[in-house]
Amino acid sequence: MRIDENGIHLRQSDVDGYRKCPEQFRQKFFGEIEDPETDAALVGTAIHALIEHEGTNGHFGTVAEMADFACNYYCEEVDRFEREGIQFNQVKYPRLDRALDMVTHHAANWGGSDFRFEFLRLAANDELLLEWEFDVPLFTHTYNNPDHGTVPVWLCGTSDVVHKGVKVFDWKTAGNMQQYLPWERQRWAIQPTVYTYAAWHAGLIPDPSWVFEYKVFFSGDKPGEASPRTIGVTRGHNHVAWLKQLVAQMLEQAVSDVSPWPQRDDSALCSDKWCPVFAAGRCKGADISSWD
Ligand code: SF4
């Protein structure tokens, strides 16, 4: 999230974060916490970097070269976090070699996938936009309390791939299929709404129905034997209408002084390992969690 003279610029992760816990969102809204970097996210980022490199600079000859590139990327980022004093949480892979095993595993799955060849063909034909950065207007919110006035709301982010005139897709890494059940993604996922709306707004994909595809690498697949699996979601203007309602709730709640404050304690994310508010000892409800 960014707040500047043009308004509030929200990322899809801000909306997702609010749905998981309004308190986390409120603290980010007032700049009281920042998300730390995590090993699980960095594994995914290393694979993103590999794919973007192949789409932009031409393909590698062997899977070993791909794994080398992605592992080097991971190690260079860890060095950078240390140099720049960026908090890096090693929760999923406390040992570096385990993290690099997982990067190698995903790189091999990418290298052996049918989809890679299709991706390279589309990239060579200039049909793709890679790492497309967007910042598009959503609506202007008028606060209930006139002291807060009105504020333009924008959606910002970086889309992994836009297949021009066709659809948007995004790379993911995941531990198991349960994280990417198609019906759940179609019913609830926010990222497809944000990314397809942005692409449509920029004239990159047409109406009436917008297609978003997750390309998911599962850590359980044997290296080289599995393609990234496609989970498709469709979106349209009705989903954007709901998103506006949700964002209005977020903004009202962030400035509200309701007591007791709405909090969550119903997932593993509500813990010192995954929640920066909890880790900083600033969760108002952590000491009365039903987990005790
Ligand atoms: S510890 Fe739980 S309730 Fe507290 S801010 Fe984090 S997710 Fe929310």
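User: Which residues are closest to the ligand, and how many surround it?
Analyst: There are 14 around the ligand, the closest being C21, C270, C275, F278 and C283; a residue counts as near if its C-beta atom, placed from the backbone, lies within 6 Å. This is a predicted model, where local features need pLDDT of at least 70, side-chain atom pairs count only at pLDDT 80 or more, and totals for chains, interfaces and linings use all residues. Numbering runs from 1 along each chain as its sequence is written.

User: Which helices each supply at least two residues of that shell?
Analyst: α2 (22-29) and α10 do. Helices here are DSSP runs of H or I, at least four residues, numbered from the N terminus.

User: OK, V277. Where is it, and is it buried or exposed?
Analyst: V277 sits in α10 (residues 276-279). It's buried because it has 23 C-beta neighbours inside 10 Å; the cut-off for buried is 20 or more others.

User: What does V277 contact, beyond neighbours within four places in sequence?
Analyst: E23, Q24, Q27, I33, R282 and C283. Contact means C-beta atoms, placed from the backbone, within 7 Å.

User: Switching to α2 and α9: at what angle do their axes cross?
Analyst: Roughly 75°, with the axes of α2 and α9 (residues 237-255) coming within 9 Å. So α2 is roughly perpendicular to α9, a label covering 65 to 115 degrees.

User: Which residues make that contact?
Analyst: P22, F25, R26 and F29 from α2, with M250, Q253 and A254 from α9.

Terms used. A residue is buried if 20 or more other C-beta atoms lie within 10 Å of its own, exposed if 12 or fewer, and partly exposed in between; C-beta atoms are placed from the backbone. Two residues are in contact if their C-beta atoms, placed from the backbone, lie within 7 Å. Axes are lines fitted to C-alpha atoms, for helices over the stretch in contact, and angles run from 0 to 180 degrees between N-to-C directions. Angles under 35 degrees count as roughly parallel, over 145 as roughly antiparallel, 65 to 115 as roughly perpendicular and the rest as oblique.
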